[in-house]
Amino acid sequence: MTGSAIALMCGAMIVIWGGLGASITYLVTHPMRDEDEASQVK
């Protein structure tokens, strides 16, 4: 593999794993509530 192919592969992996990490972090800090729980809070 050429250097540019390896760099592109690493960049793509960073984007994919970074998006996964960001989505997991968001779901941990902002958990999804069920509709039943949301109606009881109001």
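**View 1. A nonpolar surface patch.** Met1, Ile6, Met9, Met13, Val15, Ile16, Trp17, Leu20, Ile24 and Val28 make a nonpolar surface patch of about 1,100 Å² in this predicted model, where nonpolar side chains (Val, Leu, Ile, Met, Phe, Trp, Tyr) are joined within 5 Å if their residues have over 30% relative accessible area and no salt bridge, that is, no side-chain nitrogen of Lys or Arg within 4 Å of a carboxyl oxygen of Asp or Glu. One of these residues, Val28, is found in helix H1 (residues 3–29) and counts as exposed (over 50% relative accessible area, 1.4 Å probe, protein chains only) because its relative accessibility is 64%.

**View 2. Thr2 and Ser4.** Thr2 is found in the segment before H1 and is partly exposed, at a relative accessible area of 49%, between the limits of 20% and 50%. Its side chain makes a polar contact (a donor and an acceptor, N or O atoms, within 3.5 Å) with the side chain of Ser4, at 3.3 Å.

**View 3. The chain as a whole.** Two helices and zero strands make up the secondary structure, both assigned as DSSP runs (H or I, at least four residues; E, at least two). Of the 42 residues, 0% count as buried, meaning under 20% relative accessible area. The accessible surface, by the Shrake-Rupley method with a 1.4 Å probe, comes to about 4,000 Å², of which 69% belongs to carbon and sulfur atoms.

Residues are numbered from 1 along each chain, and side-chain values use heavy atoms, without hydrogens and water. In this predicted model, local features need pLDDT of at least 70 and side-chain atom pairs count only at pLDDT 80 or more, whereas totals for chains, interfaces and linings use all residues.

Key
Patch = residues over 30% accessible without salt bridge, like charges linked within 9 Å, V, L, I, M, F, W, Y side chains within 5 Å.
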